[in-house]
Amino acid sequence: MRTILVGASLLALSAGAASAAGKLNLYCAAQEEWCQVMARGFEDATGIDVDMTRKSSGETFAQIKAEESNPKGDVWWGGTGDPHLQAAEEGLTEPYVSPMREQLHPWAIAQATSAGDRTIGIYSGALGFGYNSDLLAANGLPEPKCWEDLTKPEFKGHIQIANPNSSGTAYTTLATMMQLFGEDGGFDYMKRLHANVNQYTKSGSAPIKAAGQGETTVGIVFMHDAVAQTVAGFPIVTVAPCEGTGYEIGSMSIIAGARNMDEAKQFYDWALSAEAQNLALQVNAFQVPSNMGAQTSDKAPDLASIKLIDYDFKKYGSSDERKRLLAKWDNDVSTLPQ
Amino acid sequence: MRQTTTEKTTHPALIFWIVAGWVGFVLLPWYGVEDFWFMEWLTDGWPLDTDYAPALFLLLQGEKPWLWPVLPALAAPLLVMRRPKTDPLYAQILLAAGGFGFAWLIAQGLGIGIRGWNAGWLEALFGPLGDRQYGMGYGALIVASAFLFLFTQGIAARGAINGDVFVTGAIGGVIAVVTIFVFFPIAKMLLAAFVTEEGGHSVVVFLSKFFDDRIWGLGCLSGARCGVAWNSLFLAVLVGVLSTALGLVFALVLTRSGFRFKRSLRAITVLPIITPPFVIGLAIILLFGLSGTVTTWVADLVGMRPTRWVYGLPGVLIAQLLAFTPIAFLVLIGVVEGVSPSMEEAAQTLRASRWQTFRTVSLPLMRPGLANAFLLGFIESMADFGNPLVLGGNFDVLSTEIFFAIVGAQYDQGRAAILAIVLLAFTLAAFYLQRFWLGRKSYTTVTGKGDAGVHPEMPRGLAIPVYAVAAIWGAFTIVIYGMILYGSVVQLWGVDNTLTFKHYITAFAVRIEDGGIRWTGSAWDSFWTTMMIATVAAPLTAAIGLITAYLLTRQDFAGKRSFEFGTMLSFAIPGTVIGVSYILAFNIPPIEITGTGLILVISFIFRNMPVGVRAGIASMSQLDRSLDESSLTLGANSWQTFRRVILPLLRPAILAALVYSFVRAMTAISAVIFLVSARYDMATSYIIGRVENNDYGLAIAYSTALIFVMLAAVGLLQLMVGRTRIGRRMSHEQGGG
């Protein structure tokens, strides 16, 4: 009779997963606050109920893949572009051409065309690094301004970057070096950098958090993550490297087989509007919005003063090229003594 | 109630399950219904609407014809209701009907899914189906349980386990749920290890990936880095040994010393398991990191530059010891208390010194506890993911590698599966090693005979180091928790140390208006969900764990060893793998429960059950079988024996299981990441979200609140479960020492 009891109390918790009309299941891969204002903002604008689940982009990708045969999410909003491109490549997401497209920056549309319209750019953020000004002074180090500065011998043990095998941010760095210095020059740079790295973290934004806590002097991350540290009160200075730098395109995709396809498309169009993208101003989001009419936070790094490379998302976002570069990094760079 | 005799022709258990089966078939909705317990479906077209219809009504409307065979299987047991158990027909019909019904339900569930036939060969064989089915509901669940228990009653009637209906039912039930919720999802996940690039399956691919240098490399012997497998193994052995030693130290201080503040010491000892993830890691960084208080202080003292020494093995080791020593302690305290004082007194009467007594009598009798504590520490360390993530530096371990193989830039589920298999192989080895070490000796010390002795105190040579270690570790724990408490009331931990309560207000603000309470704080939603799920999961976990332990120590049945290992599986695998495997297995019919609170409860039950099992086994191997036997001879059946004799003697184990499962349900993170949904968000995933957003203050304030809630809960549980009184004299409070 134990079983009865077990059954009854278990069932008390269960609620079906089926969907009703006027609902949207949003998988959000940006930071919590931003996800919240997007979900609530859409509810206010349309009256459609939004069930929002927030995870990191890698986790969201893994979940969508695992749910492939019976999708539970409708829209995947936010997070770096590579997993969105990967999902497009595997057919996990739905092609859709939004009428809002003409309002977008060319880079946002380029993201869509390279993925057969299965994804689109919603914001972009440049790669760079940040340093802890207290630690820099305590160690008597010069202010780093360029990528090359980070390979100087006095920075030995002061640099932190994520492992490109586990982090999209670090992979973007690797791909950026390929495009800045060519493949041989790029790997040469990664090798010299390797000599100064004190730790390859697992998660992409961990290096700048460690810098904020005074656990490393320099962290190589997306610049908006570094700015967020400064805004949170940590002694972090954000640097746009003098040689130029790559960037990520935060993306949005509709999940293939979404149960609320109409609502998903409605959200998609709304999320590309200037009004929706301006919600980022309410939270600590320092990326550049993809709608040309949307405003950028005044604390955000000024894109005009940053030399951006012409990042080839199609080439470096494909899984074959990624596997090749990562294998080369694994064999040639990570095995070197430090 | 007397033991059921074979001549009786009324079988209450049989009638119960036959009735249940029919209720499930005729009355309850066969398929899953959203918000079942709001009962809206009763007025919304039930029983005819096909969304809510019971199986019988579906069949009568010509729907789902593959359910017809269930009907004869339900009807057949009616034939034997008036027959005695000795009638061979009784057993045969129950076996046939129950076995066929259960097998049929599984076959149709796996064969027919949301797109009709699930496999191409079924379509080829039977032609297109033109119909589909969604996740099974309560009707199906109850009918399936009915078939299962009718089947086990058939087995009992055949004379297995002395015809004991309770034991056969329990074995059948536990095997069924462990198969469904442990083996099935894990097997689904691990299959990915054999998948080739083209999508086929190959053993060669598996082998080449398995013997990869990144896993097994021995570079550290020559200055480079070692493979992750060796790192994990080394760390796990260290943690297993040291946490067992520390747990033993605390257990000895509590049971065999004249220490005054035992209650507070006990609280300090269990404190670290009630800590949400990342908080200990943060505290350790603030103490021992590059800019940490201790590091800078020592560096100033000896005139050296501060280093990042804590990142890597030292940091992970410290954090894991803090986290897992309480588990070792909880397992050991029951065993150390259970060692019969009479034996120790006998040794002393025979002129053994205290030291000799301890070494040759007490310690060997504690072996089951030591072995199980080591095993738990070893496995926990292998599967732990949060601490290596924060403190690991460049010291990679299997669990983090697995996580990032799944969610990292490579999206390589095959590699994750391979690494999980390596991890399981280590666990299996540890499991057999501990069985080998325990051997076939008897560790029985609770015999039911008068045993009014008092534990002797520790020998002096042992007492001094034990006190020293306990004092240092206790002080360290207090410092860590003091820092966490402090961190929750300052503006920005480590940067701006102005005192403030704003984090608590953001998280837990409450407004009273219109005579009602409005929970306006941002943390309340996840807080109440977490409380509810932990409260439901804890007693179920403890119950299933202890019943399993009872079956494993007291009953013999075929396949017992592999079954025992099977119960450890879900514990040994990192939560991330469990999370993904649960989505793979339970996002599609027949069991479609993703996005519900149910999947969280189930994952907690099967993930934390092993602690109940281990604690139960350790304690039960001390109980003399003559206790059960005398109970049985006096006319009790095995259920009564379990409830009246064994359970009361198992109170420490029950407490360990309850506390652990409650606390883990509130603090576990890795499996939960994939299983939470918008409606069922958990405290830990909320905390992680804050940490990622640099809201350390809020995360720590929430964690601190959880710590106090859990402390209260642990106290309450302790009060409810009570302590075992084995009829000994009160210990030597007056004895001094």
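This text walks through chain A, from its overall build to its domains and its contact with chain B.

The model is predicted. Confidence comes first. Chain A averages a pLDDT of 88, and 94% of the residues score at least 70. The elements of chain A span a range. Strand β3 (residues 75-77) of chain A has the highest mean pLDDT, 96, and α1(A) has the lowest, 42. Over residues 1-21 of chain A, pLDDT stays under 50. The model still has 38 contacts beyond four places in sequence for that stretch. Where pLDDT is low, the predicted coordinates should not be read in detail.

Next comes the overall build. Chain A comprises 13 helices and 11 strands. Along the principal axes, its C-alpha atoms fill a box of roughly 65 × 60 × 40 Å. Does the radius of gyration point to what a compact globule would have, or away from it? Chain A has 21 Å, which agrees with the value near 20 Å for a compact globule of 338 residues. Burial can be read alongside. Of the 338 residues in chain A, 56% are buried. Sequence separation adds another view. Take contacts in chain A between residues at least 6 apart in sequence: 77% of them join residues at least 24 apart.

Now the domains. The domain assignment splits chain A in two. Domain 1 covers 23-124 + 248-301, and domain 2 covers 125-246 + 318-333. Each domain is thus listed as two segments of chain A. The centres of domain 1 and domain 2 of chain A, taken over C-alpha atoms, are 27 Å apart. Their contact takes 17 residues from domain 1 of chain A and 14 residues from domain 2 of chain A.

Which elements supply the domain 1 side of that contact? In chain A, α4 (81-89), β5 (120-132) and β10 (247-255) each supply at least two residues. α4(A) gives the most, with 4 residues. By class, this side of domain 1 of chain A has 6 nonpolar, 7 polar and 4 charged residues.

Last, the contact between chains. Here 57 residues of chain A are in contact with 59 residues of chain B. Helix α1 (residues 2-13) of chain A gives the most to the chain A side, with 9 residues. Caution applies to this helix: α1(A) is the element of chain A with the lowest mean pLDDT. The residues on the chain A side divide into 20 nonpolar, 24 polar and 13 charged.

Key: Residues numbered from 1 in each chain as written. Chains lettered and ligands numbered in written order. Predicted model: local features only at pLDDT ≥ 70, side-chain atom pairs only at ≥ 80, totals over all residues. Domains from an automatic or database assignment. Contact = placed C-beta atoms within 7 Å. Nonpolar A, V, L, I, M, F, W, Y, C, P; charged D, E, K, R; others polar. Rg over C-alpha atoms; globule rule 2.2 N^0.38 Å. Buried ≥ 20, exposed ≤ 12 C-beta atoms within 10 Å, placed from the backbone. pLDDT = per-residue confidence, 0-100.
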